[in-house]
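Subject: Handover of a structure, with notes on one strand and two pockets

Dear colleague,

Please find below the sequence and structure that I am handing over to you. My notes on what was found follow directly after them.

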Amino acid sequence: MPSLFTSDRQFHLQILPEEVGRYVILPGDPGRVPKIAALLEHPVLVAQNREYVTYTGSLLGEKVSVVSTGIGGPSAAIALEELAACGVHTAIRIGTSGGMDEKVVGGDLVVASAAVRAEGTSREYLPQGYPAAADFDVVCALHRAGAALSEDADGKRVHVGVIHSKDSFYGEVYPGTMPVSGMLTEQWGAYLKCGCLASEMEAAALFSVGLVRRVRVGAVLTALWNVERSAKGLSDPVCSDSSRAIQCAVDAVALLIRKDRSEE
């Protein structure tokens with residue numbers, strides 16, 4: 001039978017195992033990859049195909065890669081599947097999010113401890129009721145790195161907790177225009193009552209793939225704004241600067257490299 005997988009290179013990422021490190025940083029936007037890679041030593045472009053751009057450099061003498069995943073769970077899951085097949089054991093998502101809990105202000109960092117599985121990709125990995133949880137060591141490293149970059153001021157804090165992953169960006173922004181608006185609004189209200197911090201589109205899928213493929217996965221997000229703060233007439237600044245989240249992820253990878261070496 002003919003096969004799509006006749007090449008040694010991964011089908012979508014177009015990479016070989018020796019071209020990527022065991023530690024990887026996963027932004028969604030391909031345009032962010034060179035900016036993140038610039039924080040590594042001697043970064044080089046490895047591959048570019050569709051939404052997937054891969055750079056590899058080094059950090060503390062360890063090979064580290066940066067790979068874009070595109071938007072949404074399906075493309076993110078493909079990226080992590082192919083990276084896992086190449087021997088990656090640690091992955092950190094850098095992304096943006098909309099704040100949900102009132103305490104999250106635009107510019108704040110959100111470190112995800114787990115993600116609500118309100119998307120579709122995780123259903124093809126985990127049974128119903130099984131949580132999409134981040135790796136504990138990665139969460140701790142991200143919190144430690146984020147705290148060092150934060151202060152007690154609006155737009156400069158770091159929060160740790162459960163986030164919401166979805167498939168429809170506009171289902172969050174304009175739920176009232178959807179035929180299923182009642183369901184969307186009811187679920188959103190329930191997540192708010194549970195203290196959900198922020199909403200984005202990839203973490204649940206990545207956590208699910210990580211759990212199944214035994215890859216340590218975590219996520220740090222920049223809150224762009226907070227629709228709940230706006231609805232309540234509270235200050236709701238908009239932040240489009242992801243540099244603090246990027247530095248947090250790189251610093252967390254360094255912490256994990258040191259921790260892993262101490263345990264060898």
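For the residue classes used below, Ala, Val, Leu, Ile, Met, Phe, Trp, Tyr, Cys and Pro count as nonpolar, Asp, Glu, Lys and Arg as charged, and the others, including Gly, as polar. Please note that the model is predicted.

I begin with the largest pocket. The space in this pocket comes to about 380 Å³. It is lined by 18 residues, of which His164, Lys166, Gly171, Leu184 and Gln187 are the closest to its centre. Two or more lining residues come from each of strand 6, strand 8, helix 4 (169-173), helix 5 (181-193) and helix 7 (227-231). Helix 5 contributes the most, with six residues. Sorted by class, the lining of the largest pocket holds seven nonpolar, five polar and six charged residues.

The second largest pocket encloses about 290 Å³ of space. Its lining consists of 20 residues, and those closest to the centre are Arg93, Thr96, Phe169, Met201 and Glu202. Strand 5 (90-99), helix 4, strand 9 (198-200) and strand 10 are the elements that each supply two or more residues to this lining. The largest share, six residues, belongs to strand 5. In the lining of the second largest pocket, six residues are nonpolar, seven are polar and seven are charged. Helix 4 is thus named among the contributors to the largest pocket and also among those to the second largest pocket.

Strand 6, one of the contributors to the largest pocket, deserves a separate description. This strand spans residues 109-118 and is mostly covered, with seven of its ten residues buried. Which strands does strand 6 pair with, and in which direction does each pair run?

- Strand 8 (residues 158-166) runs parallel to strand 6, and nine bridges join the two. Within this pair, Ala114 stands opposite Val162.
- Strand 10 (residues 216-226) runs antiparallel to strand 6, with three bridges between them. Here Val111 is placed opposite Val220.
- Strand 7 (residues 132-133) is also antiparallel to strand 6 and is joined to it by two bridges. In this case Ala115 faces Ala132.

These pairings can be set beside the pocket linings: strand 8 gives two or more residues to the largest pocket, while strand 10 does so for the second largest pocket.

Yours sincerely,

A colleague

Methods
Residues numbered from 1 in each chain as written. Predicted model: local features only at pLDDT ≥ 70, side-chain atom pairs only at ≥ 80, totals over all residues. Heavy atoms only, no water. Buried < 20%, exposed > 50% of the residue type's maximum accessible area, 1.4 Å probe, protein only. Helix = DSSP H or I, 4+ residues; strand = E, 2+ residues; numbered from the N terminus. Pairing = 2+ DSSP bridges. 1 Å grid on protein atoms, 1.4 Å probe; cavity = no way out; pocket = protein on both sides within 12 Å on 5 of 7 lines; lining within 4 Å. Points joined across faces, edges and corners; volume = space filled by probe spheres on them.
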